[in-house]
Amino acid sequence: MTHTSLSVWRRVAGGWLWCWACALLMTTRLVAADGAWIAPVQYQDLANKWINEPYAFDGSTSTYADDRSNAAGDGPWLQLHFSTSLRTDRVQVIADFGYGIVDRVDIEYLEASGSWHQGYSGPIANDLLSIVTIAAAPVQTTACRFRFHYLKSGYYFWLYDFKAYRVPDNQSAPVIQTEAATSVTDASAVLHGSVLSDGGSLCGVRFLWHKVGTSTWNSSAWTSKSVSAGQPAAAVLASATQLQAGSTYEYRLEARNDWYTTQSGLLTFTPQVIPESASGWFAGSSATAAAINGMVWQDILQAIDDTPTSSARCYHPLWASQTSPVLTVHLPNVVIDRARVLAGRNPYIATMKVELKNRATSAWTTILNGEFTDRVWSDIAVSRDNYAQARFTFTTSTTAVGTAWELLECQVYKPTPTPLPAPVLSPAAVFGSQPVVVTATALPGSTVRYTLDGTTPTAASPILTGSGVTITASNTLKVIAFQTGWLPSPVVTVTGQILGLQTALVAPRNRSATLALTGITVPTTGWIFSWQVTGTGLSATQVTSGGATAQVTFDQVGTYRVRVQVQQSSTGPSTVVEKDIVVPAVESFIGITALAPVGP
């Protein structure tokens with residue numbers, strides 16, 4: 001419903017052709033002998049005051065036929081024709097109502113004689129499903145017509161959905177079936193079933209369940225008697241106090257019509273932690289919602305019942321805030337890399353905002369904030385992590401509208417698990433006998449565990465905290481990162497090492513030598529090797545360092561001190577190795593150059 005200050009939409013072209021296409025689809029459904037809600041397949045707007053007429057029977061409560069008469073008194077009729085004659089005793093309507101603007105709606109049915117007769121005249125619920133009984137029911141008809149009665153002009157009211165109930169000839173017990181549970185976790189599950197035949201009147205349904213081996217049965221609340229043949233039923237069991245991980249539960253669907261109550265066969269499910277090896281889409285385990293200025297989300301568990309035809313719904317009254325209350329979905333404890341959302345949208349629904357809350361850091365990340373397509377999955381890639389909650393906020397394009405926000409489904413995708421990235425250790429090697437503190441950097445949310453005896457860490461090994469662990473050259477440190485939803489990381493090892501310095505014989509003619517550190521068993525990339533050669537009273541030497549080795553040229557005979565400092569970074573801990581080296585004089589005999597021995 002809108003205020004008339006808004007621009008008028010163009011009439012839908014080809015309405016009759018579109019409706020006849022729907023009639024072909026409806027034919028198969030009408031063959032069944034059971035009761036069912038029957039949607040119209042074509043319309044007539046003789047006053048030419050309605051727009052978007054087919055939206056009154058397209059099965060979506062986000063779209064609507066719009067009465068643009070803008071006058072006090074009886075509004076124009078919208079005729080709604082069925083594909084064949086049916087016997088009915090009630091209709092269901094979702095439409096705008098009230099606000100001191102509309103005080104009643106009128107519904108009439110068409111007799112075989114061609115005359116229209118009053119079926120109902122009175123109030124309905126505002127923007128909620130209303131089931132009204134037809135006077136003198138049941139009646140045989142091929143069409144119904146609908147109109148609003150206005151107390152004042154200046155407003156456009158909307159008809160979202162209209163159906164008539166086809167009454168079968170026979171009266172019997174409902175025929176129902178229990179179907180497999182979905183989204184089973186350690187604390188929640190979604191139960192499913194279907195009404196195959198309503199037995200001649202609309203049914204109310206509920207689920208019954210209990211833990212195998214106990215005699216106490218639990219039950220969901222009875223729904224109103226609005227379910228007909230061919231319609232699904234679902235219930236979300238979201239309370240951890242009702243479900244015990246590892247126990248098996250039996251459940252069944254129960255249905256009742258005006259004459260009989262019947263139960264379906266039993267099926268079972270077992271709540272359990274989602275296996276690390278599992279992958280697939282999972283619904284939320286529970287949902288909560290806030291309220292803003294009287295705007296309240298209804299049927300919130302229908303947003304996580306794995307049934308895309310049902311929805312959580314929040315009505316936006318005329319002149320209310322453009323922003324919806326927040327709807328929060330609590331997610332299963334798994335690592336995900338995608339999320340998908342199914343929501344309803346009409347021309348006055350502007351945007352949807354979706355945020356995820358990181359389970360480890362409690363930080364919120366926005367993954368969608370903008371326009372979306374009516375009843376089309378929004379599939380969103382997210383950073384691979386474990387998220388505790390998803391929250392939803394919708395907006396309208398104006399306050400001057402009565403409409404409804406709808407969230408049909410919210411699901412997250414658990415991918416096939418992969419190994420965590422290997423932790424990064426600092427320093428990556430330890431030299432010398434002095435104690436050194438080694439710290440680890442790993443994927444946020446993961447836990448790093450370690451051993452110091454060379455064995456491979458397990459999920460029960462000590463945790464390497466942010467302060468690190470102290471090791472010496474006598475230790476071998478091994479670490480692995482663990483996190484729910486990931487395979488363990490590769491093992492990272494730091495082995496304590498004793499550095500030595502090895503020198504080659506000095507060639508007396510050019511007084512050069514190659515010096516090398518020993519005990520280096522890690523890649524030397526990223527390490528700093530500072531070589532220094534000194535000798536008392538001697539001139540400086542020339543050092544060409546290539547890392548763990550150096551080429552040295554001496555300009556005099558004598559004894560020199562070689563000092564090497566090893567660091568992983570300019571600010572990291574250092575290890576120093578020193579050694580004396582002797583440069584001998586040249587001795588010549590029989591034309592052969594002899595080398596003076598060099599000490600170890």
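## Exercises on strands, burial and contacts

In strand β12, Q92 has K163 as its bridge partner. The model is predicted.

**Exercise 1. Find the strands that pair with β12, and decide whether β12 is buried or exposed.**

Solution.
- Step 1. Start from the pair Q92 and K163. Strand β7 covers residues 78–95 and is joined to β12 by six bridges. The two strands run antiparallel.
- Step 2. Move to β2, residues 36–38. β2 pairs with β12 over three bridges, in the antiparallel sense. Here W37 stands opposite Y165 of β12.
- Step 3. Take β5, residues 65–67. β5 also pairs with β12 in the antiparallel sense, over three bridges. A65 has L159 of β12 as its bridge partner.
- Step 4. Check burial along β12, residues 155–166. A residue is buried when its relative accessible area is under 20%. Twelve of the twelve residues of β12 pass, so the strand is largely enclosed by the rest of the structure.

**Exercise 2. Work out the strand order of the open sheet that holds β37 and β38, and name its edge strands.**

Solution.
- Step 1. Write down the order. The sheet has four strands, β33-β38-β37-β35. The pairing is mixed.
- Step 2. Read off the ends. β33 (430–431) and β35 (447–451) are the edge strands. Each has a single partner strand, so one side of each has no neighbour in the sheet.
- Step 3. Look at the pair in the middle of the order. β37 (residues 476–482) and β38 (residues 492–497) pair antiparallel, over four bridges. One bridge links K478 to T493 in β38.

**Exercise 3. How many disulfides does the model hold, and are C144 and C410 buried or exposed?**

Solution.
- Step 1. Recall the chemistry. A disulfide is a covalent bond that links the sulfur atoms of two cysteines.
- Step 2. Apply the cut-off. A pair of cysteine sulfur atoms must lie within 2.5 Å. The count is zero disulfides.
- Step 3. Classify the two cysteines. C144 has 1% relative accessibility, so C144 is buried. C410 has a relative accessible area of 3%, so C410 is buried.

**Exercise 4. Compare the settings of I528 and T309: where does each lie, and is each buried or exposed?**

Solution.
- Step 1. Place I528. I528 lies in strand β41, residues 528–534.
- Step 2. Classify I528. Its relative accessible area is 33%, so I528 is partly exposed.
- Step 3. List its contacts. Leaving out residues up to four places away in sequence, I528 touches Q565, V566, Q567, S569 and S570. Take Q567 from that list. I528 and Q567 are 39 residues apart in sequence, yet their C-alpha atoms are 5.1 Å apart.
- Step 4. Place T309. T309 lies in the loop between β24 (295–298) and β25 (312–316).
- Step 5. Classify T309. Its relative accessible area is 69%, so T309 is exposed. T309 and G59 are 250 residues apart along the chain, and their C-alpha atoms are separated by 9.4 Å.

**Exercise 5. Describe the whole chain: how many helices and strands, what share is buried, and how much of the contact set joins residues at least 24 apart?**

Solution.
- Step 1. Count the elements. The chain has one helix and 47 strands.
- Step 2. Take the burial. Of its 600 residues, 50% count as buried.
- Step 3. Take the surface. The accessible surface is about 26200 Å², and carbon and sulfur atoms account for 52% of that area.
- Step 4. Sort the contacts. Consider those between residues at least 6 apart in sequence. Of these, 72% join residues at least 24 apart.

How values were computed:
Residues are numbered from 1 along each chain as its sequence is written. This is a predicted model: local features need pLDDT of at least 70, side-chain atom pairs count only at pLDDT 80 or more; totals for chains, interfaces and linings use all residues. Side-chain values use heavy atoms; hydrogens and water are left out. Buried means under 20% relative accessible area, exposed over 50%, partly exposed in between (1.4 Å probe, protein chains only). Contact means heavy atoms within 4.5 Å. Accessible areas come from the Shrake-Rupley method with a 1.4 Å probe; for residues, only the protein chains shown count as cover. Two strands pair if DSSP finds at least two bridges between them.
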